[in-house]
Amino acid sequence: MKPNMSCVLVFALFLFEILAIATISISFCNGSSYHGGCLESERGALLRLKRDLKDPSNRLASWTGSGDCCAWTGVVCDNMTGHVLHLDLRNPFNYSKESEYDAIRGTALVGKINPSLLDLKHLSYLDLSFNDFQGDRIPRFVGSMGNLRYLNFSGTRIGGMIPQQLGNLSNLQFLDLSSNYLLYVDNFMWLSGLSVLEHLDLRSVNLSKAFDWLMVANKLPSLVELRLSNCQLQHFSPLATANFSSLTVLDLSHNQFDNSFIPSWVFGLSHLLFLDLGFNNFQGPIPGGLQNLTSLKHLGLDSNYFNSSIPNWLYRFIHLEYLSLRNNKLQGTIDSEALGNLTSISRLDLSLNTGLAGRIPRSMASLCNLKSINLRGVHVSQEISEILDIFSGCVSNGLESLDMRSSSIYGHLTDQLGQFRNLVTLNLANNSIVGPIPESFGQLSTLRELQIYDNKLNGTLSELHFANLTELSWFRVGGNQLTLEVKHDWIPPFQLVALGLHSCYIGSRFPLWLNSQRHLQFLDLVNSRISDIFPIRFLKSASQLKILDLEQNQIHGEMPNLTEFTQLLFLSMDSNNMSGPLPLISSNLVYLGLSYNSFSGSISHFLCDKINETKRLEALKLNDNYLQGELPDCWMSYQNLKILKLSNNKLTGNLPNSFGSLASLVWLDLGKNRLSGTIPVSLKNCTALESLDVGENEFVGNIPAWFGERFSRMVVLNLRSNKFHGPLPTRLCDLAILQILDIADNNLSGAIPNCINNLTGMVTANSFSRSAQQHLPVPLDVDVILTEKASVVSRGEVVEYDEILNLVTVTAVSRNDLPKNVPLEVINLKATQSLNFSQNTFTGRIPESIGVMRSLESVDFSVNQLSGEIPQSMSNLMSLNYLNLSNNKLTGKIPSSTQLQSFDASSFAGNDLCGAPLPKNCTENVSNSEDENGDEDEDELDHWFYVSIALGFVVGIWCFIGPLIFNRRWRYKYCHFLNRLERRVVCVVRKRG
């Protein structure tokens with residue numbers, strides 16, 4: 001019984017202790033022992049913190065001088081002691097790019113961090129993310145807040161070096177300093193003291209000098225997440241194995257490592273769930289070591305240089321939810337069974353691998369968790385109906401995004417499209433899909449984005465197609481033969497952000513229903529056969545419109561002033577019937593295209609409006625109008641201008657000195673006007689110039705020698721048809737990447753500089769990487785691309801190049817007074833496609849080695865004084881399709897070749913030439929030099945002719961008579977043959993007698 005009594009006693013004491021503890025706890029919870037809320041000292045510390053912060057959205061309105069600070073927004077206290085434990089002042093809105101900051105500025109706390117935080121001695125959680133500390137440094141005193149376990153300064157616009165004192169926070173488990181583009185660190189040694197750190201996020205912090213990052217991170221045994229994306233890392237330190245074996249998240253994307261291959265230690269991180277190595281320089285095949293990481297849920301290898309096929313071992317990754325192999329150089333086909341085995345996959349991106357091809361395998365029909373698939377640029381070469389059929393089972397229930405732009409798909413869209421009830425994004429642009437858009441399209445009630453432009457669709461879109469599309473915000477179907485047929489008073493069920501209907505017929509009037517689209521930011525109605533006045537009413541209703549493109553219509557009348565439309569960034573009215581004076585515009589406009597219209601009058605009022613305001617304009621196209629008068633001297637406000645086209649107007653006078661203010665200018669086209677004077681010296685400030693066209697004006701003076709010194713990026717230089725005189729400056733040879741040089745039809749004299757072979761852009765094809773396009777910045781996911789154009793006299797006519805301009809090389813010096821020999825250095829311009837030296841006074845011979853210029857397509861040496869024979873090597877110019885050597889002093893035979901004989905006789909007229917294609921045949925007496933040696937050659941020929949006859953006669957006789965003399969049987973047979981022949985002849989003669 002005693003043991004039982006002992007047990008009862010112990011149990012009773014235990015029950016009493018529990019009741020006592022419960023009573024004490026209740027007492028504390030009811031405030032029996034603590035009644036004052038937060039501590040007075042800590043309330044004062046918080047108020048001092050607030051004092052140094054601007055709060056435009058009144059997020060800290062509850063932070064007043066009285067009351068319990070534990071009830072304030074973002075403050076969490078200990079229930080027992082009242083000490084502030086958590087301070088969460090995170091901005092409810094955040095951003096991922098610096099350019100997006102303006103959108104959240106209204107809710108950010110702005111200012112400095114007050115040292116009063118040190119008075120919150122029990123603070124363990126501090127989150128100030130996505131506020132604005134205006135480039136200030138992280139205060140060193142933060143390193144003294146020893147109880148901190150969570151510290152988040154993400155996106156706070158702090159700068160400078162990360163203070164070493166943060167290494168004193170020995171209890172810190174979570175550190176996020178990401179998205180601070182002004183923050184940097186020289187080394188990682190300060191991290192060594194953070195032995196319990198589990199989460200480290202330094203994305204977008206400059207770590208380019210922290211060569212020890214890997215060595216130090218490897219010594220943090222508790223590390224679970226390591227995010228170092230976009231940190232300018234370049235090097236992996238040697239590391240045999242990784243000690244941070246508990247790592248589940250590793251993000252090293254958006255760096256530029258100098259290692260070509262993924263380091264082997266990565267393959268040993270068997271607990272990894274998230275691995276992103278995208279946007280680096282990794283090359284070769286996708287490494288097989290990755291197949292060890294079968295726990296992965298996220299694998300990003302996009303935007304590298306991997307060149308293998310899709311690995312078969314992917315079938316083992318049954319937990320994988322996200323796979324991106326986008327923008328590599330992958331080869332082979334996509335019909336791998338490995339993809340069909342990724343049953344957990346939610347997002348699959350194989351896009352922008354132009355070496356990938358093949359049909360979508362039927363096995364992908366089992367990917368029932370698939371929400372997004374991107375095959376953009378993969379050559380699927382499959383009917384769209386078959387693709388929809390593959391995905392029409394369980395995939396259609398969850399699929400939200402299907403992107404197959406430029407995938408070589410074809411065929412008709414079918415009613416299967418209506419089965420994808422959860423589809424949010426559908427992009428089938430730039431394919432060969434034909435036929436009408438089925439009405440089942442209207443069943444996609446969740447659809448927000450449809451982009452199916454640049455196909456071969458036809459038919460009519462009616463109101464039925466849009467009846468249920470209440471969520472639609474992006475609708476781009478241009479580049480097809482579609483007709484939009486809706487009622488005059490139709491009010492759509494959606495509010496669009498972007499609408500693209502170029503080359504579709506929408507009626508002759510500007511659509512009234514567009515006035516209901518209050519959120520529209522992008523509108524493309526190019527070539528839609530609109531014949532109406534400028535839609536000013538619509539522009540007033542579309543208060544958010546940023547891009548308006550109405551090119552190639554018949555819009556007419558005068559254009560109203562646009563100064564009030566400050567949100568508008570891009571406006572193109574090219575190729576319409578607009579007339580009257582130029583409209584005044586907002587200073588916020590980035591692009592204005594009014595070319596190929598009938599605008600008239602001066603441009604002074606247009607350019608000089610609000611002259612003291614800096615204009616954002618980057619591209620101004622006013623070419624091919626009837627503008628007149630002088631160019632005003634008020635270009636100082638246009639320092640952002642990159643493209644200026646004023647050609648083919650009636651502008652007069654000198655170029656103003658303020659042109660030198662256009663330091664960003666890349667393309668300048670002033671051709672086909674009546675401009676005069678000299679090229680102003682101030683233009684030398686425009687060092688970014690790539691194309692300068694002042695052709696067909698009345699400019700005078702010497703060609704400035706400083707062109708070669710200041711315009712190192714120059715690719716196109718057109719000075720044709722002016723009144724420039726004097727010699728060609730040798731400094732032009734410094735234009736190393738020049739591809740088009742046209743100085744024809746001036747009064748230039750002297751020799752072509754021998755250094756012409758320094759023009760490397762004409763020596764080696766594609767010697768410099770350079771595009772004929774300029775991209776303009778717009779806030780939407782829309783490519784605004786401007787293509788440079790240049791008119792070049794080639795093949796005897798004016799040819800205009802645009803998209804392939806960067807592939808064109810031309811040298812034209814015709815119609816000048818250049819009297820010297822054609823320099824031999826010209827033949828070094830082996831990439832030149834057109835060579836025009838016509839109508840000068842060149843003497844001497846055509847360079848003998850001209851045949852090495854294999855790229856030549858057009859050659860014109862006409863109307864000079866060139867002499868001698870046409871070089872035989874010219875027959876090697878297999879690409880030649882235009883040749884003019886007429887009106888020179890050339891002599892001799894035209895070299896024989898399929899190429900040269902294919903030209904018309906007029907190409908060789910006015911010379912002393914013979915042979916095809918000329919009617920004059922070449923005889924033995926071709927030239928005086930040949931006549932002098934002709935007799936000797938003929939005597940020698942006759943001598944050997946007669947000797948050969950004699951020898952032939954002797955040999956022939958002996959071959960016949962010899963056998964008869966030495967062979968009796970042959971002699972007998974021969975005599976017998978002659979006797980029979982004689983008898984037959986006698987008989988025939990007698991019969992006829």
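A residue counts as buried when its relative accessible area is under 20%. The exercises below apply this to a predicted model.

**Exercise 1.** Find which residues of helix H2 are buried, and state what covers them.

*Solution.* Begin with the buried residues of H2, which are Glu-42, Arg-43, Gly-44, Ala-45, Leu-46 and Leu-49. Then look at what lies over them, where the cover includes strand E1 (53-54), strand E2 (75-77) and strand E3 (84-88).

**Exercise 2.** Check whether the span of helix H2 agrees with its number of residues.

*Solution.* Helix H2 takes in residues 40-51, twelve residues, and at 1.5 Å a residue these should span 16 Å. The end C-alpha atoms of H2 are 17 Å apart, which agrees with the expected span.

**Exercise 3.** Describe the largest nonpolar core and the surroundings of Phe-475.

*Solution.* The largest nonpolar core has 249 residues, and within it Leu-87 and Phe-475 have the most contacts. Once neighbours within four places in sequence are left aside, the residues in contact with Phe-475 include Phe-441, Leu-450, Leu-461, Phe-466 and Leu-496. Another core, of eleven residues, lies apart from the largest one, and among its members are Trp-474, Ile-547, Phe-570 and Tyr-591.

**Exercise 4.** Work out the strand order of the open sheet that contains E59, and explain why E57 and E60 stand at its edges.

*Solution.* The three strands of this open sheet follow the order E57-E59-E60, with parallel pairing. Strand E57 (867-868) and strand E60 (912-914) each have a single partner strand, so one side of each is left without a neighbour in the sheet. Strand E59 (residues 889-893) pairs with E60 over three bridges in the parallel sense, and Lys-893 stands opposite Cys-914 in E60.

Notes. Residues are numbered from 1 along each chain as its sequence is written. This is a predicted model: local features need pLDDT of at least 70, side-chain atom pairs count only at pLDDT 80 or more; totals for chains, interfaces and linings use all residues. Side-chain values use heavy atoms; hydrogens and water are left out. A nonpolar core is a set of buried Ala, Val, Leu, Ile, Met, Phe, Trp, Tyr and Cys residues joined through side-chain atoms within 4.5 Å. Buried means under 20% relative accessible area, exposed over 50%, partly exposed in between (1.4 Å probe, protein chains only). Contact means heavy atoms within 4.5 Å. Helices (H or I, at least four residues) and strands (E, at least two) are DSSP runs, numbered from the N terminus. The expected span of a helix is 1.5 Å times one less than its number of residues. Two strands pair if DSSP finds at least two bridges between them.
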